[in-house]
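Here are some exercises to work through with the coordinates open beside you. Try each task on your own before reading its solution.

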Amino acid sequence: MIQLIAFDLDGTLVDSRRDLADSVNALVGELGCDPLSEGLIGTMVGDGARQLVERALAAAGVPHPPANALERFLDHYDRRLLVHTKPYDGIVEMLGALEARGIRRAVLTNKPQSAAERVLDGLALRRWFDAGVVGAEGDYPRKPHPAGLLALAARAGVPIEAALLVGDGGQDVETARHAGARICGARYGFGFPTAAGLLDEADWVIDTPAALLA
C-alpha cells in the first residue's frame, strides 16, 4: 500500500509553462534573439533554473551568453511567478481525497525552494502537503538524485517502497528508480515527452490528476 505520495510541482501540480516561457523569452529578447515556442520551452523545464536557461539560450542561438544570464532570468521569473500559473483541474479535489484516505503528501521539485513555497502559498496549496516541501538550492541535491525523496520518506516514517513519486519529467522517473520508490507519470504535464521513454509496463501513468485515485 502507498503511504506517502511526493509530487513534482511544475507540470504535475501546477501549469506554469506560460510564466516560465514568458520569462525565458524576455531574457532571449534582451539578448537580441527571436522568442522560442512555449511548447519547446516546456520540454526544457524540470532540471532546475540554470539548466533551463542554458538550454533556452542554446536553442535561441545566443552567440555569447552573459555571465549573469541566470540571475536575469530569475529576476524576470520572480515578477511573473503567479501571472498565469494555476493548479491543473482536479488537483485540489484529488489532494483532499488523498488526505481523507490518510495518505501523506509532499512536494519534491527542482524549482528553487523559495519560489516553490511562494507558488504553493499563492495558490493556497501549501496546506495539503503535511509531509513537507523540498525544493532546489536547499539541503538536498536536485532530482534525479534520490536524497530529497529518501529524506521525505524518512521524515514521514514511511518505508521507501511504500512511497510514490508523481511527476511529468524524466528526472522524476530516474529519481524514483534511484530511491527504490514507485513512479507515476503525469501524461497531462508539459514535461512528459522527457519521461515517456523511461517508463515501462510496471509503472503507472495518469492522464488526469483524478486518475491517481484509482
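The exercises below concern a predicted model, and each one is followed by a worked solution.

**Exercise 1. Strand 6 and its partners**

Find out whether the two faces of strand 6 are covered or open, and work out which strands pair with strand 6.

*Solution.*

Step 1: Begin with burial. Strand 6 spans residues 163–167, and five of its five residues are buried.

Step 2: Split the residues by face. Ala163, Leu165 and Gly167 point to one side, Leu164 and Val166 to the other, and all of them are buried, leaving both faces covered.

Step 3: Look for the partners. Strand 1, residues 4–7, pairs with strand 6 in the parallel sense over four bridges. Within that pairing, Phe7 has Val166 as its bridge partner. Strand 7, residues 182–186, also runs parallel to strand 6 and is joined to it by four bridges. Here Gly167 stands opposite Gly185.

Step 4: Trace the connection. From strand 6 the chain passes through helix 8 (residues 170–179) to strand 7, a β-α-β crossover that is right-handed.

**Exercise 2. Strand 1 from both sides**

Repeat the face analysis for strand 1, then identify its pairing with strand 4.

*Solution.*

Step 1: Sort the residues by side. Leu4 and Ala6 lie on one face and Ile5 and Phe7 on the other; all are buried, and both faces of strand 1 are covered.

Step 2: Check the pairing. Strand 1 and strand 4 (residues 104–112) are parallel and share four bridges. In this pairing, Ile5 has Arg105 as its bridge partner.

Step 3: Put this next to the first exercise. Strand 1 pairs with strand 6 and with strand 4.

**Exercise 3. Aromatic pairs**

How many aromatic pairs does the structure hold? Classify the pair of Phe7 and Phe129, then the pair of Phe73 and Tyr77.

*Solution.*

Step 1: Count. The structure holds three aromatic pairs, and two of them are worked through here.

Step 2: Take Phe7 and Phe129. Their ring centres are 6.3 Å apart and their planes meet at 70°; edge-to-face requires an angle over 60 degrees, so this pair is edge-to-face.

Step 3: Place the two rings in the chain. Phe7 belongs to strand 1, while Phe129 sits in the loop between helix 6 (113–122) and strand 5 (133–136), so the pair ties together parts that are 122 residues apart in sequence.

Step 4: Check burial. Phe7 has a relative accessibility of 1% and therefore counts as buried. Phe129, with a relative accessible area of 6%, is buried too.

Step 5: Turn to Phe73 and Tyr77. This pair is stacked, with 5.9 Å from centre to centre and 10° between the planes. Both residues lie in helix 4, four residues apart, or about one turn of the helix. Both are buried.

**Exercise 4. Charges over rings**

Which ring faces do Arg127 and Arg182 lie over?

*Solution.*

Step 1: Arg127 lies over the face of Trp128, 3.9 Å from the ring centre.

Step 2: Arg182 lies over the face of Trp204, 4.0 Å from the ring centre.

**Exercise 5. Three loop residues**

Locate Thr85, Gly90 and Val62, and decide for each whether it is buried or partly exposed.

*Solution.*

Step 1: Thr85 is in the loop between helix 4 (69–80) and strand 3 (86–87). Its relative accessibility is 6%, so Thr85 counts as buried. The side chain of Thr85 makes a polar contact of 2.7 Å with the side chain of Asp19 and reaches the backbone oxygen of Leu81 at 3.3 Å. Beyond its neighbours within four places in sequence, Thr85 is in contact with residues including Val14, Ser16, Asp19 and Leu123.

Step 2: Gly90 lies in the loop between strand 3 and helix 5 (91–100). At 24% relative accessibility, Gly90 counts as partly exposed. Its C-alpha atom is separated by 6.0 Å from that of Ala210, although the two residues are 120 residues apart along the chain.

Step 3: Val62 is found in the loop between helix 3 (49–60) and helix 4. With a relative accessible area of 9%, Val62 is buried. The C-alpha atoms of Val62 and Cys33 are separated by 6.6 Å, with their positions 29 residues apart along the chain. Not counting residues up to four places away in sequence, Val62 touches Leu31, Cys33 and Leu57.

Definitions and conventions
Residues are numbered from 1 along each chain as its sequence is written. This is a predicted model: local features need pLDDT of at least 70, side-chain atom pairs count only at pLDDT 80 or more; totals for chains, interfaces and linings use all residues. Side-chain values use heavy atoms; hydrogens and water are left out. Buried means under 20% relative accessible area, exposed over 50%, partly exposed in between (1.4 Å probe, protein chains only). Two strands pair if DSSP finds at least two bridges between them. A crossover is right-handed if, with the strands pointing away from the viewer, the path from the first strand over the helix to the second runs clockwise. A polar contact is a pair of N or O atoms within 3.5 Å; within protein, one must be able to donate a hydrogen and the other to accept it, and residues adjacent in sequence count only if both atoms are side-chain atoms. Contact means heavy atoms within 4.5 Å. Rings of Phe, Tyr and Trp (its six-membered ring) pair if their centres lie within 6.5 Å; planes under 30 degrees apart count as stacked, over 60 as edge-to-face and the rest as tilted. A charge sits over a ring if NZ of Lys or CZ of Arg is within 6 Å of the ring centre and within 35 degrees of the ring normal.
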